[in-house]
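Trainee: Got a minute to go over this one? I'd like to start with the empty space inside.
Mentor: Fine, put it up.

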Amino acid sequence: MEPEPIPGPPGLPFVGNVSDIDPENPLQSLMNLSDIYGSIWKFQLGGAARVVVASQALMNEITDETRFSKIVSASLKEVRNGAHDGLFTAYGTEEKDWGIAHRILLPVFGPLTIRAMFDEMHDIASQLVMKWARHGPDHIIQVTDDFTRLTLDTIALCAMDYRFNSYYSEEVHPFIQAMADFLKASGDRARRGAIAQMFYRQESQKYWENIELLRKTSQEVIKTRKEHPSDKRDLLNAMLNGVDPKTGEKMTDDSVIDNMITFLIAGHETTSGLLSFVFYYLLKNPSAYDTVQQEVDEVIGKNPITVEHLSKLPYLNAVLRETLRLSPTAPSIGLQAKEDTTIAGKYHVSKGTPIIALFSKIHRDPVVYGEDNEEFRPERMLDAEFDRLNKEFPNCWKPFGNGMRACIGRPFAWQEALLVTAMLLQNFNFTMEDPSYQLQVKQTLTIKPKGFYMRAHLRNHMSATTLERALASTSISEAALAKTEPQELSKKSTIKGKSMVIYYGSNTGTCEALAQRLAADASDHGFKADIVDTLDSAKETLPTDRPVAIVTASYEGQPADNAAHFVNWLGGLKGSELANVCFAVFGCGHRDWAKTFHRIPKYLNNVMEKRGGTRIAPLGTADAAGGDIFTEFENWEDQVFWPAMREKYRSLDTPGASAYETNLQVEISTPRSSNLRQDVREARVEEVTVLSAPGVPEKRHIEISLPTDMTYSAGDYLAILPINPKQSVSRAMRYFGLAWDSMLTISSAGPTTLPTNAPISASDVFGAYVELGQPASKRNILALIEATQDEGSTKDLARLADVDFATEITAKRVSVLDLLERFPSVHLPLGPFLKMLPPMRVRQYSISSSPLWNPSNVTLTYSVVDQPALSGHGRFVGVASSYLSSLAPGDKLHVAVRTSHQAFHLPKDTRNVPVIMMAAGTGLAPFRGFIQERAAQLAAGRSLAPALLFYGCHSPDTDALYSELLSRWENLGAVSVRYSYSRTPEKSEGCRYVQDRLYHDRKEVVELFEAGAKVFVCGGREVGEGVQETCIRITRERSMEVQGRDVSEEKAREWFEGLRNERFATDVFA
């Protein structure tokens, strides 16, 4: 049988595929190319072929050590300059020193020896715990940096009784800095040819100096040990005194130095990455976080942790395994065929050809791990299931390498990781500094999370002093805890009044803005907000000595990213744990998600009372579909919440407080400055295109190059931080009489999201920090009444704040700025005006591209909202769409990738699972990305299941978006497109809307669905409802056809709802 050619990307002469591999993040490039070309593919670098293996079946084949052996990669060859034939960098059995060292050191990593290192591991771990405890919950933890210090100090102390004392100095030890620079330079050198390296003389000089420092420091440690010998059974004594049972020889001093450097590198790099990824995945998965913390509490409790505890933490063990499955810190290993051979029975591989076993894909093989292979689910790694997987799918989990060359230090790393994670979960609750953070990876020899920060909150009302005593004692004293004051989460306010705390759960910023508004209003009612923070920061620490206000939302029935841990913790309470907690809840939601409308706020309101809490005021709610969240919130605040607070706590309103008085002071100056938000990162516009013809609402396409290390998947969102339309900014500047270069210096005695205490351009404040177009609330209008002396204006404004509010203000989206221009007799100062406006929030757009097209760029497909204002005055211009439409190639904007619901992604089993997509207008966006991904896979020779796209627009001549591109993809076999034209239905089989064409082609739809198809819908509310009703109709008709009996509409709807987010996923927008 003739061997088949191994697929792969076409290369260029001489350089091969160098342009296909991102030098900063080669792992992501290899993963993307695996998605395109499949489980085995090859590429060329510098004239040499490399084969990539990305499935369990192929991994199982190449682990056969009779056919394949380890190969030292290009980067490891550079590391050999410093570590020579150490255990990690040796070529193998052909090097004598490797064999001697391997046989001498293997017993050192036996269970009893590792167990004896527990106390020293605990010593270093305690230093980390105390550092975080003393810094307090406002300290932003540099996660990977602190864990790197931990693991390096641990291996140095346990292996050679040497203390780097990394936690006692901001500056790292010279040895550590030299090692870090050496590793980075090794990776850089590996990516260059010999000729290119000649141009890096200064770097080369530093590289060799670092190697000299590493070896000199190691020699000094050896010298000290020889001069002051000990009977300690550590790694250094084993290397100095051990005798090879095979040859009877000892290790040479050079071999001892080589392996000291090897263990310091390998012993800290991978474990620090593992610990960093563990806390990322736990914080992103609250259920797993709660389960593992509960296990720690049940097994260890408040007692000091002992080595015996570590074997009684099966779920924590599974957490470590699952973390290494998804993010193996050594993401690949290099192998080679010992002789010419055939892989998978049909691909020829020559002797010596490097084979890259790509763990990041092998560990995600859907054949082994199913459709949820991308999800963090530790349950699959519990002992019984883990053993079953490895028996049924051998070599499906290989983070420690293979066979004879597998990681010798695995037991050491595992004990350290178990100990550190358990100690941290025992003593702290953690929150992610940015709950919307999406994993970014920094790659050197290993991988670690990049830009990942968190905060640590001491548990059980402990102080750092109490914890320090506990770590050194045999048990944690309950009496000591009782004397400890609860820890304050933020600096005390200068405002006087009774203390209260406010917590919020918010993804888009709306509930956070409402929480800040509640805090700002507190002083007017005799209260002060000591804390305004995320709900997750309140886990286990809800105060009992002051009232608690909660403002939170539901997102498709789920909590906000920064509230999920709190909700899970609350759900795990069993008794009256919240006795003496006084609370009130306000919730936001969207009525289109009727089944889960206000689910989380209602849940908190009920469960907190059930667990002993006292409700201060009835639940308040707002509906985003009504477009007037702020007025609904203010009504609850003024009419329900504050009256209930005053009654319960006998506080008084601040005398003489005016509806538009504010503690926000503004000074105007002339120096120019800028202050931008930091929750998004800078990106660049590459291309803009108008997609639609005149006569229909304008549709546009924009291509954006993402910030470095920002990644995405087809179906994700891009969050845009927009700037208000220029005409709106000009109107505000004109109203307040500000020159184009006016500067504002804002100071505030209360909480505010505005930039304070530094001059900032007035146009920046109006443009980037506030929502100028936000419809006015009733409270805003009442404030305007106090700012005018004109009787006619007072009368008209009073009517607008009362009987005409819904029809004239909310429905017509009339803003405060609109009212100020409409009523010139109102004289409102700038400070009160700014305080009325909510902060600028991000807008999310579905990404319309696939990373298989370009992993560094995304495209968006959007409608430009620019229409006559419903108020009859001027035009209504969409903030985000007008901002995007104003951008030109080369312009910068601020963005962040946000992951879509896990159900709204292409199926993992692309060969066997068909896809049905339905969209209208710019709802096509995510499906353009889906089809683009399928086209890339087909072009690479992959076989895919069928895909149908039902797409609705006005006509083929005006707004059939990407029609030529879709036609090309259709010819390739990536999709079959079924159009419906609302203005020319005669050109679309008489079908005017998407649901009409769906019913028209129902026979094919039923066939694909019964073959296991996943169904996706994206568009406005009408599309979502129309498709749902048509699907229910088809279901009932199919039941009659097949079973000969009618199914009730209720039963059909129940069946349909059971498919949601399993085989039927929607993304319906307002």
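Trainee: Which residues lie nearest the centre of the largest cavity?
Mentor: Asn 303, Pro 304, Ile 305, Gln 426 and Leu 471, out of twelve residues in its lining. Keep in mind that this is a predicted model.

Trainee: And what volume does the largest cavity have?
Mentor: About 80 Å³.

Trainee: Which helices each supply at least two residues of that lining?
Mentor: Helix H18, residues 410-427, and helix H19, residues 464-471.

Trainee: How does the lining of the largest cavity split by class?
Mentor: Seven residues are nonpolar, four are polar and one is charged.

Trainee: How many cavities are there in the whole structure, counting from 30 Å³ up?
Mentor: The search finds five of 30 Å³ or more. The second largest has a volume of about 50 Å³.

Trainee: What lines the second largest one?
Mentor: Ala 156, Met 160, Tyr 162, Phe 164, Phe 175, Thr 217, Ser 218, Val 221, Met 260 and Leu 264. Two or more residues of that lining come from each of helix H7 (143-160), helix H10 (201-227) and helix H12 (253-284).

Trainee: Which element gives the most there?
Mentor: H10, with three residues.

Trainee: And the classes for the second largest cavity, how many of each?
Mentor: Eight nonpolar and two polar, with no charged residues in the lining.

Trainee: Changing topic. Where does Gln 443 lie?
Mentor: In strand E10, which covers residues 441-443.

Trainee: What is Gln 443 in contact with, leaving aside neighbours within four places in sequence?
Mentor: Glu 24, Asn 25, Pro 26, Leu 27 and Pro 331. With Leu 27 there is a polar pair to look at: a polar atom of the Gln 443 side chain lies 2.9 Å from the Leu 27 backbone nitrogen.

Trainee: How far apart in space are Gln 443 and Phe 930?
Mentor: 28 Å, C-alpha to C-alpha, with a separation of 487 residues in sequence.

Trainee: Last topic, strands. How many bridges join E3 to E5?
Mentor: Three, between E3 at residues 68-70 and E5 at residues 332-337, and the two strands run antiparallel. Ser 69 stands opposite Gln 336 of E5.

Trainee: What about E5 and E8, parallel or antiparallel?
Mentor: Antiparallel, with five bridges between E5 and E8, the latter being residues 354-358.

Trainee: Which residue in E8 is the bridge partner of Leu 335?
Mentor: Ile 355. As for side chains, in a regular strand they alternate between the two faces of the sheet.

Key. Residues are numbered from 1 along each chain as its sequence is written. This is a predicted model: local features need pLDDT of at least 70, side-chain atom pairs count only at pLDDT 80 or more; totals for chains, interfaces and linings use all residues. Side-chain values use heavy atoms; hydrogens and water are left out. On a 1 Å grid over the protein atoms alone, a cavity is a set of points where a 1.4 Å probe fits but cannot get out, and a pocket is an open set with protein on both sides within 12 Å along at least five of seven lines; lining residues have an atom within 4 Å of a point. Grid points are joined across faces, edges and corners, and a volume is the space filled by probe spheres set on the points. Helices (H or I, at least four residues) and strands (E, at least two) are DSSP runs, numbered from the N terminus. Ala, Val, Leu, Ile, Met, Phe, Trp, Tyr, Cys and Pro count as nonpolar, Asp, Glu, Lys and Arg as charged, and the others, Gly among them, as polar. Contact means heavy atoms within 4.5 Å. A polar contact is a pair of N or O atoms within 3.5 Å; within protein, one must be able to donate a hydrogen and the other to accept it, and residues adjacent in sequence count only if both atoms are side-chain atoms. Two strands pair if DSSP finds at least two bridges between them.
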